[in-house]
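Work through the following exercises with the model open beside you, and try each task before reading its solution.

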Amino acid sequence: QGMITGSRWWIAWREFGRISRQRHSKALALISEIKMTAMGNFDPRQLRNVLGRFFTGVTVVTAVDATGKALGVTANSFTSVSLDPPLILWNQAVASPSHPVFRETERFAINILAEDQVSVSRRFSRPSPDRFEGLAVTHGLGGVALIDGCCAVLECRKVATHAGGDHVVFIGQVERVSSNDRRPLIFGDGKYLSARPFELVA
């Protein structure tokens, strides 16, 4: 055994490149096969309708960009991950205009909307030069905007990012929370709804 020098190094590097290209080609072929198999069973609209049957709360995720400008986006992909350590996640489409900022930022806040904040949800789900104009906010950790009137807020430090198809999953460690007795806003089947307790009959 010894060091690889001269032509032997070039041959070894060429062979490594050949193997890498083969693996890459096989991986692309497998992904294509999986996509073709999946989409052969249902179309994207059908999948969207099925997922819409899972009713969720509504959040606005807020952050600040490198210049200190506030930004936010409506999301119902929020969920808990762990209590110890305290972790949550949400995901965002890679094609979203705000994705580059959320990809690079170190902090974000999850603003869980109350049932009277449908207008806030719509505000942050539509294009606008300044979604915060005229909106009452306070500033939390790292200067991230916290929307007044929400039923709960979680201030988070981003600890991991994972690619998932045409979306990216952001995992945050919760560093501060607040909540109140306001009813949460609910979304499902393409509609906003109110949460009400289910009265069990004895």
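**Exercise 1. Follow the strand pairing through β9 and β10.**

Task: Determine how many bridges join β9 to strand β10, and in which sense, parallel or antiparallel, the two strands run.

Solution: This is a predicted model, and the pairing is read from its coordinates. Twelve bridges join β9 to β10 (residues 167-179), and the two strands run antiparallel. Next, look at the turn, where Gly 164 stands opposite His 167 in β10. The hairpin of β9 and β10 has two residues between the strands, and Gly 165 takes a positive phi near 65° there. Then turn to another partner of β9: strand β6 (residues 107-112) is joined to β9 (residues 152-164) by six bridges, again in the antiparallel sense. One pair to check by eye is Ile 110 with Leu 154, its bridge partner in β9.

**Exercise 2. Describe the surroundings of two residues, Thr 59 and Val 153.**

Task: Decide whether Thr 59 is buried or exposed, and find which residues Val 153 is in contact with, leaving aside its neighbours within four places in sequence.

Solution: Begin by placing Thr 59, which belongs to strand β2 (residues 59-64). Its relative accessible area is 2%, and because buried means under 20%, Thr 59 counts as buried. Its side chain has a polar atom 2.7 Å from the backbone oxygen of Ala 75. Beyond four places in sequence, the contacts of Thr 59 are Val 73, Thr 74, Ala 75, Phe 78, Ile 110, Asn 111 and Ile 112.

Now take Val 153, which is in strand β9 and is buried as well, with a relative accessible area of 7%. With neighbours within four places left aside, Val 153 is in contact with Ile 110, Asn 111, Leu 146, Arg 176, Val 177 and Ser 178. As a separate check on distance, Val 153 and Leu 113 are 40 residues apart in sequence, while their C-alpha atoms are 8.8 Å apart in space.

**Exercise 3. Characterise the largest pocket and the largest cavity.**

Task: Establish which element gives the most residues to the lining of the largest pocket, and which gives the largest share to the lining of the largest cavity.

Solution: Start with the pocket, whose volume is about 1700 Å³. Its lining comprises 49 residues, with Arg 48, Thr 74, Ala 75, Asn 76 and His 167 lying nearest its centre. Elements that each supply at least two residues of this lining include α2 (44-51), β3 (70-75) and β5 (86-93), and β3 gives the most, with six residues. Sorted by class, the pocket lining holds 21 nonpolar, 20 polar and eight charged residues.

For the cavity, a search of the whole structure finds one of 30 Å³ or more. The largest cavity encloses about 30 Å³ of space, and its lining consists of Arg 107, Phe 108, Ala 109, Leu 141, Val 144, Leu 146, Glu 155 and Cys 156. Two or more of these residues come from each of β6 and β9, and the largest share, three residues, is from β6. By class, the cavity lining has six nonpolar and two charged residues, with no polar ones.

**Exercise 4. Order the strands of an open sheet and examine two backbone features.**

Task: Work out which strands are the edge strands of the open sheet, and which peptide bond is cis with omega near 0°.

Solution: First, set out the sheet, in which three strands follow the order β1-β11-β12 with antiparallel pairing. The edge strands are β1 and β12 (191-194), each of which pairs on one side only. Between β11 and β12 there are four bridges, and Ile 186 has Leu 193 as its bridge partner in β12.

Second, consider the loop between β11 and β12, where Asp 189 is found. Asp 189 has a positive phi of about 55° although it is not a glycine. Its relative accessibility is 31%, so Asp 189 counts as partly exposed.

Third, inspect the peptide bond from Asp 84 to Pro 85, which is cis, with omega near 0°. Pro 85 lies in the loop between β4 (79-83) and β5. For context, most residues other than glycine have a negative phi, and most peptide bonds are trans.

Definitions and conventions. Residues numbered from 1 in each chain as written. Predicted model: local features only at pLDDT ≥ 70, side-chain atom pairs only at ≥ 80, totals over all residues. Heavy atoms only, no water. Buried < 20%, exposed > 50% of the residue type's maximum accessible area, 1.4 Å probe, protein only. Polar contact = N/O pair within 3.5 Å; in protein donor to acceptor, adjacent residues only side chain to side chain. Contact = heavy atoms within 4.5 Å. Pairing = 2+ DSSP bridges. 1 Å grid on protein atoms, 1.4 Å probe; cavity = no way out; pocket = protein on both sides within 12 Å on 5 of 7 lines; lining within 4 Å. Points joined across faces, edges and corners; volume = space filled by probe spheres on them. Nonpolar A, V, L, I, M, F, W, Y, C, P; charged D, E, K, R; others polar.
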